[in-house]
Amino acid sequence: MTAALFASVCNAAPAYAPTVAQLDAEARAVGNRRDLAEHIGDVIFATHWPAEVTQISANALAGHVIVGIRVLGIKFHAAMTREAFIDETVSLVGDAFSAAPEAEEIDLWASVPISVAKGVIVSGDLAKPTSRTVFSLSVRRGESPAAIRARVEAASGGAFWDTTWMRTAFSDHV
């Protein structure tokens, strides 16, 4: 090997290996502002959440940016109580707003799978649903974490809780 070739090989930049958070952010980002969804994902997937985040969407239309965060409402990664779920919800919304200053609304929802029989159409115009929403919340920018928490905790605070899921999903069996 010549000295010039050896020097160029030794000065090569080290290989870059993306983190698991970066890979998750890329794989789980959707929407017409996928770049923003990936950026939010870089922040959110840096934490191992008890309720798994399965998708982050970012969409812009006529100067409005809306972010969606979908979590799985089953198979929690740690013991989950209703209070812990509320804590995670408030944290996820805060992290998303911090990562996306241009977002004016964060919509967060939890879903659970629905069993469908073999051969049932699950895509297209005749599709049968394969999941159902068991929790949902919309938060506008500027709402404080305390106000978000109060809305989620209140029975009529603007958050949707599926009562059957709520009775069975958490280890404290609310």
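**Entry 1: H4 and H5**

Before looking up any helix pair, I note that axes are lines fitted to C-alpha atoms, for helices over the stretch in contact, and that angles run from 0 to 180 degrees between N-to-C directions. I also remind myself that this is a predicted model.

With that settled, I looked up H4 and helix H5 (residues 145-153): they pack with their axes 10 Å apart, at an angle of about 140°. H4 is therefore oblique to H5. I noted the handedness too: H4 passes H5 in a right-handed crossing.

Next I wanted the residues that make this contact. From H4 I wrote down Arg82, Glu83, Ile86, Asp87, Val90 and Val93, and from H5 Pro145, Ile148, Arg149, Val152 and Glu153. Sorted by class, the contact of H4 with H5 has six nonpolar and five charged residues, and no polar ones.

**Entry 2: H3 and H4**

I then turned to the other partner on my list, helix H3 (residues 34-44). Its axis and that of helix H4 (residues 82-99) come within 9 Å and cross at roughly 130°. H3 and H4 are therefore oblique to each other, and H3 passes H4 in a right-handed crossing.

On the H3 side, I found Leu36, His39, Ile40, Val43 and Ile44 in the contact; on the H4 side, Leu92, Asp95, Ala96 and Ala99. The class count for the contact of H3 with H4 reads seven nonpolar, one polar and one charged.

**Entry 3: the sheet**

How are the strands ordered? I traced an open sheet of six strands, running E1-E2-E3-E4-E5-E6, with mixed pairing. Strand E1 (29-30) and strand E6 (160-161) are the edge strands, and each pairs on one side only.

I picked one pair for a closer look. Strand E3 (residues 64-72) and strand E4 (residues 105-113) pair in the parallel sense, over seven bridges. As a handy marker for the viewer, I jotted down that Val67 stands opposite Ile106 in E4.

**Entry 4: helices on the sheet**

Which strands does each helix lie across? For H3, I listed E1, strand E2 (53-61) and E3, with the helix running at about 145° to E2. For H4, my list reads E2, E3, E4, strand E5 (131-140) and E6, and H4 runs at about 140° to E4.

Putting my notes on H4 together, this helix packs with H5, has a contact with H3 through residues including Leu92 and Asp95, and lies across strands of the sheet, E3 and E4 among them.

Note on methods:
Residues are numbered from 1 along each chain as its sequence is written. This is a predicted model: local features need pLDDT of at least 70, side-chain atom pairs count only at pLDDT 80 or more; totals for chains, interfaces and linings use all residues. Side-chain values use heavy atoms; hydrogens and water are left out. Helices (H or I, at least four residues) and strands (E, at least two) are DSSP runs, numbered from the N terminus. Angles under 35 degrees count as roughly parallel, over 145 as roughly antiparallel, 65 to 115 as roughly perpendicular and the rest as oblique. A crossing is left-handed if the near helix is turned anticlockwise from the far one by less than a right angle, and right-handed if clockwise. Contact means heavy atoms within 4.5 Å. Ala, Val, Leu, Ile, Met, Phe, Trp, Tyr, Cys and Pro count as nonpolar, Asp, Glu, Lys and Arg as charged, and the others, Gly among them, as polar. Two strands pair if DSSP finds at least two bridges between them.
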